[in-house]
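The following note sets out several points for the attention of colleagues who have the coordinates open. Each point may be checked against the display.

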Amino acid sequence: MRKCKIKAINVYSEIGNLKKVLVHTPGKEIEYISPDRLDELLFSALLEPKQARKEHEDFLKILKQENVEVIQLIDLVSETYEEASKEEKDSFIDRWLDEVEPKIKNNIVREKIKSFVTSKKNIKEMISLMMSGIMAKELGIEYNTELVVDPMPNLYFTRDPFASIGNGVTIHRMKYKTRRRETIFSEFIFSSNTDYKDIYQYSSRNDKNTIEGGDVFVYNETTLVIGISERTEIEEIETIAKKMINNVENSFKTIIAISVPKKKNLMHLDTWLTMLDFDKFLYSPNMMKDTLEVWKVKIDGNDHVFKKRNMSLEAILEEIIGKKPILIPVAGSSSSQLEIDLETHFDATNYLVIRPGVVVGYDRNKKTQLALEKVGIKVLAFNGNQLSLGMGSSRCMSMPLIRDKYIIKNK
């Protein structure tokens, strides 16, 4: 197995050169999405698996061509398991079994599942089973459902289970039960992997309140922007602020919390607003009012202070970057409401920045791409007609592990 040589988390920017990123190419788990469970599993339609995987491979091809090192989640979890102690391995498997959906009420079935998974000589095959789900027929048993272990079909959205923040991470309690199990893998990596186990953690999957990575932005070395959304609660932002005080290496002085529309299919701040260059921001007009509710959290010495304000998006961003921002509306400034709605629905704001002013995203959002190119943003586009049915684009499908710091010139 290829040895992962990443030594740290280092992300102090949204736009600095992307060096290393965590992804997950959809596995068998997307084959277990059924028509009657679309809402439960958080998909808008059934995916065609072969095409979805090809689209994801095309996405990764772009990243590699741009000299980004791509780390697969399954490789990193498998590496962690390989080097973990017996106690750590047993704890990881037991936690996974404890949280299996549907809940295992029969100890005999539990033992059959455990034996089936751990009997695999290939660690990667074992981890794949844990992610993809297990059918009763694979165990050779009669059961009240075909799936003894439910799939984790949203795993290809690696942005959400944890977030890289400076030299630390937030490990998340996710909103919906179908996704909550995904963070078992994050917790395992950051507790047992040699390269990652000493990374500072600002939050835990066992916290009371929810947060997801699509709401977390590192604007610069001192400022975080976090969405208060359908899946992220303001109370968890306070938890993060408190823990930042205790990290002697923390450089963040301000958290800007922005209230965004709470819609199930537009669930995070990055489905409404993204930073694409130092002064260029893409937003959906559907989130805009005259003013937005904003909380400014100052992290100062041994304390943190919340202050609520009502501000325009332009004023918020100008305060952060120190100059008037260039605001680019989804679908361009002359679009109809229908065009805005369609491109917002298919995550037209959800581009991943490779380096300042160079982004990657779906080619289906054609009007937004034209609007970006008019202001000098280079768009590396790929077909995502299947992947987009999971309601996320390139930013959702990537978790930066290392970015170069962005040096502001001629501010």
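Two strands are taken as paired where DSSP finds at least two bridges between them, and strands themselves are DSSP runs of E with at least two residues, numbered from the N terminus. The model under discussion is predicted.

1. The hairpin of β5 and β6. With pairing so defined, strand β5 (residues 162–165) and strand β6 (residues 168–171) are joined by 4 bridges in the antiparallel sense. The hairpin leaves 2 residues between the strands, and G166 adopts a positive phi near 65° there. Within the pair, A163 is placed opposite T170 of β6. Strand β5 is covered on both of its faces: F162 and S164 are buried on one side, and A163 and I165 are buried on the other.

2. The sheet β2-β1-β19. This is an open sheet of 3 strands, in the order β2-β1-β19, with mixed pairing. Its edges are β2 (69–72) and β19, each of which pairs on one side only. From one strand to the next the twist averages 20°. Strand β1 (residues 18–23) is antiparallel to β19, with 4 bridges between them, and K20 faces I402 of β19 across the pair.

3. Helices on that sheet. Helix α2 lies across β1 and β2, and its direction is at about 145° to β2. Helix α3 (residues 73–83) also packs on the sheet; α3 touches β1 and β2, and makes an angle of about 65° with the direction of β2.

4. The sheet β16-β17-β18. A further open sheet has 3 strands in the order β16-β17-β18, again with mixed pairing. Here the edge strands are β16 (352–355) and β18 (378–382), each paired on one side only. The average twist is 30° from one strand to the next. Strand β17 (residues 358–362) runs antiparallel to β16, to which it is joined by 3 bridges; R355 is opposite V358 of β17. Helix α2 (residues 49–65) lies across β16, β17 and β18, at about 150° to β18. Helix α2 thus appears in the description of this sheet and in that of the sheet under point 2.

5. The contact of α4 with α5. How do the axes of these two helices cross? The axes of α4 (residues 86–98) and α5 (residues 107–118) approach within 11 Å and cross at roughly 135°. That angle makes α4 oblique to α5, because angles over 145 degrees would be needed for roughly antiparallel. The crossing of α4 past α5 is right-handed. On the α4 side the contact involves I93, D94, W96, L97 and D98, which meet R110, I113, K114, V117 and T118 of α5. By class, the residues of this contact comprise 5 nonpolar, 1 polar and 4 charged.

6. Backbone geometry to inspect. Most residues other than glycine have a negative phi, and most peptide bonds are trans. The bond from E101 to P102 is cis, with omega near -10°; P102 is situated in the loop between α4 and α5. A331, which is not a glycine, has a positive phi of about 70°. A331 belongs to the loop between β15 (326–329) and α12 (337–345) and is buried, at a relative accessible area of 4%. M391 is likewise not a glycine and has a positive phi of about 70°. The loop between β18 and β19 (399–403) holds M391, which is buried with a relative accessible area of 11%.

7. The surroundings of S398. Is S398 buried or exposed? At 0% relative accessibility, S398 counts as buried, since the limit for that class is under 20%. S398 is located in the loop between β18 and β19. Apart from neighbours within four places in sequence, S398 contacts V21, L22, F59, T158, R159 and L352. S398 and Q72 are separated by 326 residues in sequence, yet their C-alpha atoms are 10 Å apart.

8. The position of K242. This residue is part of helix α10 (residues 234–245). With 45% relative accessibility, K242 counts as partly exposed. K242 and T25 are 217 residues apart in sequence, and their C-alpha to C-alpha distance is 35 Å.

Notes: Residues numbered from 1 in each chain as written. Predicted model: local features only at pLDDT ≥ 70, side-chain atom pairs only at ≥ 80, totals over all residues. Heavy atoms only, no water. Axes fitted to C-alpha atoms, helices over the stretch in contact; angles between N-to-C directions. Parallel < 35°, antiparallel > 145°, perpendicular 65-115°, else oblique. Left-handed = near helix turned anticlockwise from the far one by under 90°. Contact = heavy atoms within 4.5 Å. Nonpolar A, V, L, I, M, F, W, Y, C, P; charged D, E, K, R; others polar. Buried < 20%, exposed > 50% of the residue type's maximum accessible area, 1.4 Å probe, protein only.
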